[in-house]
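Reader: Got a minute to walk me through this one? I'd like to go through it piece by piece.

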Amino acid sequence: MSAPILYYDDRSPPVRSCLMLIKMLNINVELRFVDLFKGAQFDKDFLALNPQHSVPTLVHNELLLTDSHVILIHLAEHFDEAGKWWPKEYADRMKVFNRLFFECSFLFRRDSDLMVLSRRVNCKL
Ligand SMILES: N[C@@H](CCC(=O)N[C@@H](CS)C(=O)NCC(=O)O)C(=O)O
């Protein structure tokens with residue numbers, strides 16, 4: 001099995017969550033930088049890989065994953081053999097899902113809306 005490849009820009013909060021888990025689980029991952037501030041996510045090769053032009057993007061064997069929450073689940077499923085971060089107990093796993101979905105549907109959306117306001121509309125917060 002080959003090492004996962006993570007396309008990343010570490011200024012991105014979803015990327016950082018993946019980098020944290022990679023560090024906590026000491027996973028051997030090939031890192032490929034995509035400079036969002038230079039628009040590298042729109043490069044032809046990256047767009048061919050991920051038409052949503054977003055990071056993090058993970059390639060692992062036959063899998064192509066383009067959402068940090070799914071990447072976290074995949075890495076934990078594969079590399080957290082002790083079940084420290086990805087509990088083996090059903091109810092505990094549901095608690096992790098609950099927090100991941102809260103982050104995905106609520107927390108990050110607000111953070112992202114604020115970023116758009118401050119950077120693209122040049123609004124003083
Ligand atoms: N729900 C996605 C959000 C990913 C996302 O919004 N990534 C941003 C950086 S924080 C991005 O790549 N933006 C570049 C673009 O949209 O062109 C996840 O959790 O992975």
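Reader: So how is the chain divided into domains?
Author: Into domain 1, residues 1-86, and domain 2, residues 87-125. Keep in mind that this is a predicted model.

Reader: How far apart do the C-alpha centres of domain 1 and domain 2 lie?
Author: They are 17 Å apart. The contact takes six residues from domain 1 and seven residues from domain 2.

Reader: Which elements give two or more residues to the side of domain 1 that touches domain 2?
Author: Those are α1 and α3, with α3 covering 68-79.

Reader: And how do the residues on that side of domain 1 divide, nonpolar, polar or charged?
Author: Four are nonpolar, two are polar and none is charged.

Reader: OK, switching to the ligand. Which residues are around it?
Author: Going along the chain, you have Ser12, Pro13, Pro14, Leu36 and Gln41, then His53, Ser54, Val55 and Pro56, and finally Asp67, Ser68 and His69. The elements that give two or more residues to this shell are α1 and α3.

Reader: What does the shell around the ligand look like by class?
Author: It has five nonpolar residues, six polar ones and one charged.

Reader: Now the strands. How do β1 and β2 pair, parallel or antiparallel?
Author: Parallel, over four bridges, with β1 at residues 5-8 and β2 at residues 30-33. To get from β1 to β2, the chain passes through helix α1, residues 13-24, and this β-α-β crossover is right-handed.

Reader: What about β1 and β3, parallel or antiparallel?
Author: Those two pair in the antiparallel sense, over three bridges, and β3 is residues 57-60.

Reader: I'm looking at Tyr7. Which residue in β2 does it stand opposite?
Author: Tyr7 stands opposite Arg32 in β2. In β3, the residue opposite Tyr7 is Thr57.

Reader: Last topic, Asp45. Where does it lie?
Author: Asp45 is in helix α2, which spans residues 44-49.

Reader: Is Asp45 buried or exposed, and why?
Author: Asp45 is exposed, because just 7 other C-beta atoms are within 10 Å, and 12 or fewer counts as exposed.

Reader: And what separates the C-alpha atoms of Asp45 and Arg11, in Å?
Author: The separation is 21 Å, and the two residues are 34 residues apart along the chain.

Terms used
Residues are numbered from 1 along each chain as its sequence is written. This is a predicted model: local features need pLDDT of at least 70, side-chain atom pairs count only at pLDDT 80 or more; totals for chains, interfaces and linings use all residues. Two strands pair if DSSP finds at least two bridges between them. A crossover is right-handed if, with the strands pointing away from the viewer, the path from the first strand over the helix to the second runs clockwise. Domain bounds come from an automatic or database domain assignment. Two residues are in contact if their C-beta atoms, placed from the backbone, lie within 7 Å. Ala, Val, Leu, Ile, Met, Phe, Trp, Tyr, Cys and Pro count as nonpolar, Asp, Glu, Lys and Arg as charged, and the others, Gly among them, as polar. A residue is buried if 20 or more other C-beta atoms lie within 10 Å of its own, exposed if 12 or fewer, and partly exposed in between; C-beta atoms are placed from the backbone. A residue is near a molecule or strand if its C-beta atom, placed from the backbone, lies within 6 Å of it.
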